[in-house]
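Here are some notes for a colleague opening this entry. Please keep the model in view while reading.

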Amino acid sequence: MAKVARELGKSTTLLFRWSRQYAWVMRATAYDREQDRLFLAEQQQARRDIARRHAKLAQAFLGKAVARLQALDPRELSPSDLLRYFQVAAEIERRAVGEPLAVAAAAADEQGADVAALTDEDRRSRMEQLRRELERRLSEETQ
């Protein structure tokens, strides 16, 4: 108040009286709160805009990925490629149904441990099973 009084050439007593009379502290607090509310609203809108933009990009990428997957011959995929495709697809599916990331990560670790414990013949058999499942799903997509 003293600084404002000096700048305006008024007495501090007068400014304190005006402050009480016109509720400057309450009004300044209300103004600050409103500015904060507006800023938060702008941030929320920006997040919504970003989410919409990312969703559109994801849809475009998904379309390209599906087209590319349909053109692939699963018999030409290496077992590690097939396993990686399966893991990514499973992760996307888990996230789509809202499974928490920690649960998905634990499930992925479990799958990795199971695969590591398999014999080479069991691993080949499992990969063949996954290849057939992938072919079946891809053929369903094209129908």
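1. Is Ser19 buried or exposed? Keep in mind that the model is predicted. Ser19 belongs to helix 2. Its relative accessibility is 10%. The cut-off for buried is under 20%, so Ser19 counts as buried. Setting aside residues up to four places away in sequence, Ser19 touches Met1, Trp24 and Val25.

2. Two of those partners return on the surface. Met1 and Trp24 join Phe16 and Tyr22 in a nonpolar surface patch. Together the four have about 380 Å² of accessible area. Phe16 sits in helix 2, which spans residues 12-21. Phe16 is partly exposed, at 43% relative accessible area.

3. Now the overall layout. The protein chain has six helices and zero strands. Along the sequence the pattern reads α-α-α-α-α-α. Of the 143 residues, 10% are buried. About 11600 Å² of the chain is exposed, and carbon and sulfur atoms supply 56% of that area. Take the contacts with a separation of 6 or more: 45% of them join residues 24 or more positions apart.

4. Which residues form the largest nonpolar core? There are five: Leu72, Leu77, Leu82, Met127 and Leu130. In soluble globular proteins, nonpolar side chains tend to be buried together. Leu82 is a good place to look. Beyond its neighbours within four places in sequence, Leu82 contacts Leu77, Met127 and Leu130 from that core. Leu82 also contacts Arg131 and Leu134.

5. Next, the charged pairs. The count of salt bridges comes to five. Side chains of opposite charge can pair when their charged atoms come close. One of the bridges joins Arg52 and Asp49, at 3.5 Å from N to O. Both residues lie in helix 3 (residues 24-71). They are three residues apart, so about one helical turn separates them. Arg52 is partly exposed at 49% relative accessibility. Asp49 is partly exposed too, at 34%.

6. What links Glu91, Arg94 and Arg95? A network of salt bridges does. The Arg94 side chain meets that of Glu91 at 3.5 Å, N to O. For Arg95 and Glu91, the closest N and O atoms are 2.7 Å apart. Helix 4 (residues 79-96) holds Arg94 and Glu91, three residues apart. Arg95 and Glu91 are four residues apart in helix 4, about one turn.

7. Compare the two arginines in that network. Arg94 is buried, with a relative accessible area of 13%. Arg95 counts as exposed, at 51%. The cut-off for exposed is over 50%.

Definitions and conventions: Residues are numbered from 1 along each chain as its sequence is written. This is a predicted model: local features need pLDDT of at least 70, side-chain atom pairs count only at pLDDT 80 or more; totals for chains, interfaces and linings use all residues. Side-chain values use heavy atoms; hydrogens and water are left out. Helices (H or I, at least four residues) and strands (E, at least two) are DSSP runs, numbered from the N terminus. Buried means under 20% relative accessible area, exposed over 50%, partly exposed in between (1.4 Å probe, protein chains only). Contact means heavy atoms within 4.5 Å. Accessible areas come from the Shrake-Rupley method with a 1.4 Å probe; for residues, only the protein chains shown count as cover. A nonpolar core is a set of buried Ala, Val, Leu, Ile, Met, Phe, Trp, Tyr and Cys residues joined through side-chain atoms within 4.5 Å. Patches are made of residues with over 30% relative accessible area and no salt bridge: like charges are joined within 9 Å, nonpolar side chains (Val, Leu, Ile, Met, Phe, Trp, Tyr) within 5 Å.
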